[in-house]
Amino acid sequence: MFADRTDAGRQLGAALSGHKGQPLLVLALPRGGVPVGLEVARVLDAPLDVMLVRKLRAPAHPELAIGAIVDGAPPQLLLDDHLVAATGATPDHIAAEKARQLREIERRRQAYRGGRPAPDTWGRTVIVVVDGIATGGTMRIALKALARSGAARVIVAVPIAPPDVLEKIRAEADEVVCLRTPEPFQAVGLHYRDFEQTSDEEVVRALAEADRNRG
């Protein structure tokens, strides 16, 4: 069991230490991935930023994602055509949901980066960090977006994930570093003593601290 996200990040950074000295970019999936990513970036002496991904919700089933929008210039829209058809999501619904999630991305961008654009990933080795993987849906969307954005190499770094989902992630990443793959797998939070929700304020502080560490 990890004490908290900071502890998980330190252990994950140690597991990634062989990459130190390479031109790296650490991208954390907010909010919970950011305190983990801070420790990884600290160990690797790498810049830290966030990758803003928002799911597009199905009509009448808001817990079901029919796709996602990923921050960038321009933002990338990824749709699951099978789910779009199965849920009866119309072009109007998709357009409205896209606009809604873009507003949240803009809010987070302003809160986390002060309006700075997303970092350029072209030709870089990117380490994508999250505090844990359950279904893998958001991570796989992030990987598809990074493949489109021209990242030279993508490494997924996660403290804990179920073995079957991790195999799917491995198929879409250049490298996967995962500290624990319990089976049977239950909730991510059961493997942390402290798994309190990360606030926007904590994200902002972590990004500022990462900048100071490299300054």
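The expected span of a helix is 1.5 Å times one less than its number of residues. The model described here is a predicted one.

Helix α7 covers residues 200-214. With 15 residues at 1.5 Å a residue, α7 should span 21 Å, and this agrees with the 22 Å between its end C-alpha atoms. The buried residues of α7 are Asp200, Val203, Ala206, Leu207 and Ala210. These residues lie on the same side of α7, because the arc they cover around the axis is only 125°. An α-helix has 3.6 residues a turn, so residues three or four places apart point the same way. The buried side of α7 is covered by elements that include α2, β2 (48-50) and α4 (91-113). On the face turned away from that side, α7 carries the exposed residues Glu201, Arg205 and Arg212.

Helix α1 (residues 5-15) can be read in a similar way. Its buried residues are Arg5, Ala8, Gly9, Leu12 and Gly13. Viewed down the axis of α1, they fall within an arc of 135°, so they line one face of the helix. The elements that these buried residues pack against are α2, β6 (125-129), β7 (153-160) and β8 (175-180). At the N-terminal end, α1 is capped by Asp4, which has a side-chain oxygen 3.2 Å from the backbone nitrogen of Thr6.

Leu12 of α1 also leads into the nonpolar interior. The largest nonpolar core consists of 33 residues, and Leu12 is among those with the most contacts inside it, together with Leu16, Val26, Leu48, Ile127 and Val129. Helix α2 (residues 33-44) gives the most to this core, contributing six residues. A second core, separate from that one, has 29 residues, including Leu78, Ile141, Leu146 and Leu166. Setting aside neighbours within four places in sequence, Leu12 touches Val36, Val40, Val129, Ala157, Val158, Pro159, Val177 and Leu179.

Strands β3 (residues 53-58) and β4 (residues 61-70) run antiparallel and are joined by six bridges. One of the paired residues is Ala58, whose bridge partner in β4 is His61. The two strands form a hairpin with two residues between them, and Ala60 is in the turn.

Several loop residues have notable backbone angles. The table gives the backbone values, and the text after it gives the places.

| Residue or bond | Backbone value |
|---|---|
| Pro30 to Arg31 | cis, omega about 0° |
| Glu183 to Pro184 | cis, omega near 5° |
| Asp45 | positive phi, about 55° |
| Ala60 | positive phi, near 70° |

Arg31 is in the loop between β1 and α2, and Pro184 is in the loop between β8 and α7. Asp45 belongs to the loop between α2 and β2. Its positive phi occurs although Asp45 is not a glycine. The relative accessible area of Asp45 is 49%, so Asp45 counts as partly exposed, a class that ends where exposed begins, at over 50%. Ala60, in the loop between β3 and β4, is likewise a residue other than glycine with a positive phi. Ala60 is exposed, with a relative accessible area of 74%.

Another loop residue is Pro23, located between α1 and β1 (24-28). Pro23 counts as exposed because its relative accessibility is 68%. From Pro23 to Ala173 the separation is 150 residues in sequence and 18 Å in space, taken C-alpha to C-alpha.

Methods:
Residues numbered from 1 in each chain as written. Predicted model: local features only at pLDDT ≥ 70, side-chain atom pairs only at ≥ 80, totals over all residues. Heavy atoms only, no water. Core = buried A, V, L, I, M, F, W, Y, C linked by side-chain atoms within 4.5 Å. Buried < 20%, exposed > 50% of the residue type's maximum accessible area, 1.4 Å probe, protein only. Helix = DSSP H or I, 4+ residues; strand = E, 2+ residues; numbered from the N terminus. Contact = heavy atoms within 4.5 Å. Arc of directions from axis to C-beta. Polar contact = N/O pair within 3.5 Å; in protein donor to acceptor, adjacent residues only side chain to side chain. Pairing = 2+ DSSP bridges.
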